[in-house]
Amino acid sequence: MVIKVFLASSSGSTAIKKKQQDVVSFLDALKVDYTELDIACNEQNRMWMRQNVPEEKKPSNGIPLPPQIFNEESYCGDYDTFFDAKEDNRVYTFLGLPPPPGSKEAQAEEEEDQEREDLRSEEEEELQQLEEDEEE
C-alpha cells in the first residue's frame, strides 16, 4: 500500500504550506511510507487528485486544495480530517493501515475488541439463561 500525499510545491499560501508540512512531518515521525505528488508542476497529478476526491468532500467551488491524502486509489481525506484523526490517535485507521503493535491506536483497538467480546459473552449468557428459564 502506498500513501499518496498531494502537495503544491509552489503554493503562495502560507496556510497551505503549513498544513502540507504538518502532514509530511507527522508521517515522517510515524515512519509511514508515503509518496509526495506535486500538483503545482505536474498537471497529471493535479487532474488525478481533482478527479478522485469524492464530490461530497470537495469545497463549494469544486476545487480541492492540497494537501489531499490517498491510500493507493482510496481517498483518505484532506488536512482537516487528517488533523482530526491525529487528535483522536486514529491516523493509521484514517490512512487505512494497520496500527503498529504497542501504539496508542493498537491499544485502543484491542480494548474495543475486548469490550465487544465481553458484550458478546454477556449476550450469550443471557440467551442461555432465557432458554433455560423457558425449559422450566
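## Polar and charged links between the domains

No salt bridges are found across the interface of domain 1 and domain 2; the rule asks for a side-chain nitrogen of Lys or Arg within 4 Å of a carboxyl oxygen of Asp or Glu. The interface also has zero residue pairs in polar contact, counting pairs with both residues at pLDDT 80 or more. A polar contact is a pair of N or O atoms within 3.5 Å; within protein, one must be able to donate a hydrogen and the other to accept it, and residues adjacent in sequence count only if both atoms are side-chain atoms.

This is a predicted model: local features need pLDDT of at least 70, side-chain atom pairs need 80 or more, and totals for chains, interfaces and linings use all residues. Numbering runs from 1 along each chain as its sequence is written, and side-chain values use heavy atoms, without hydrogens and water.

## Domain layout

Domain 1 spans 3-97 and domain 2 spans 99-135. These bounds come from an automatic or database domain assignment. Their C-alpha centres lie 36 Å apart. Six residues from domain 1 and seven residues from domain 2 make the contact (heavy atoms within 4.5 Å).

## Buried area

About 540 Å² is buried between domain 1 and domain 2, with 42% from carbon and sulfur atoms. Buried area is the accessible area (1.4 Å probe) that two parts lose on being put together, summed over both. Asn89, Arg90 and Tyr92 lose the most area in domain 1, together 81% of what that side buries.

## Cysteines

The structure holds zero disulfides (cysteine sulfur atoms within 2.5 Å). Cys76 is buried at 16% relative accessible area, under the 20% limit. Cys41 is exposed at 63%, over the 50% limit; values in between are partly exposed (1.4 Å probe, protein chains only).
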